[in-house]
Amino acid sequence: MVSETVWAGRFIAVETEGKWEYAVRPRGIAAAVILAIDADHVLLVEQYRVPIGCRCLELPAGLVGDETAGEPIEAAAARELKEETGYRAERLEALGLFHSSPGLTSEAFTLVRATSLTMVGTGGGVDDEDIAVHRVPLAEVAAFVATRRAAGVAVDAKVLLLLASGIV
């Protein structure tokens, strides 16, 4: 079967194929999700997300190729890490391609590990993003996530990576 575009915006489109309805990223836009490890700490970000109507705790992340076609994953990850957290990484390592919600969207992201971090700014995002940066000891991630959840903050599923052994 061939998919049909039902609606297209700047950053997402809705397509159908048979009985399936799903979202796609147009123009080859991809995403980078950054696992930023600073000694025995991890960087997390918290920002308001319109689709869920509340703030969400997440790994730093951003779109790849949304402004510059052909942008390398590592370049986008470095840019997003600096914009969102105020840190620069000496080393960036792509860990593989993962699919965020394959029953709903074709969107995939490359997980990038960032290490040897240096604080070079305040972070917080660009324009009106209003991103809060959290530098959390790895040994305290589970408690930190539970505290934020109890405060009404949503948690992105990718944060579960930090609760599993062998990833960091």
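**Exercise 1.** Of the 19 residues in the largest nonpolar core, which touch the most other members?

*Solution.* A quick note before we dig in: this is a predicted model, where local features need pLDDT of at least 70, side-chain atom pairs count only at pLDDT 80 or more, and totals for chains, interfaces and linings use all residues. Numbering starts from 1 along each chain as its sequence is written, and side-chain values use heavy atoms, with hydrogens and water left out.

Step 1: pin down the term. A nonpolar core is a set of buried Ala, Val, Leu, Ile, Met, Phe, Trp, Tyr and Cys residues joined through side-chain atoms within 4.5 Å; buried means under 20% relative accessible area, exposed over 50%, partly exposed in between (1.4 Å probe, protein chains only).

Step 2: the winners are Leu35, Val42, Leu44 and Leu162.

Step 3: strand 4 (30-38) is among the elements giving two or more residues, and its four residues are the largest share. Strands here are DSSP E runs of at least two residues, helices H or I runs of at least four, numbered from the N terminus.

**Exercise 2.** Is Glu80 buried or exposed, and what does its side chain make a polar contact with?

*Solution.* Step 1: find Glu80 in helix 1 (residues 73-85).

Step 2: Glu80 has 8% relative accessibility, so it counts as buried.

Step 3: its side chain pairs up with that of Arg79 at 2.7 Å. A polar contact is a pair of N or O atoms within 3.5 Å; within protein, one must be able to donate a hydrogen and the other to accept it, and residues adjacent in sequence count only if both atoms are side-chain atoms.
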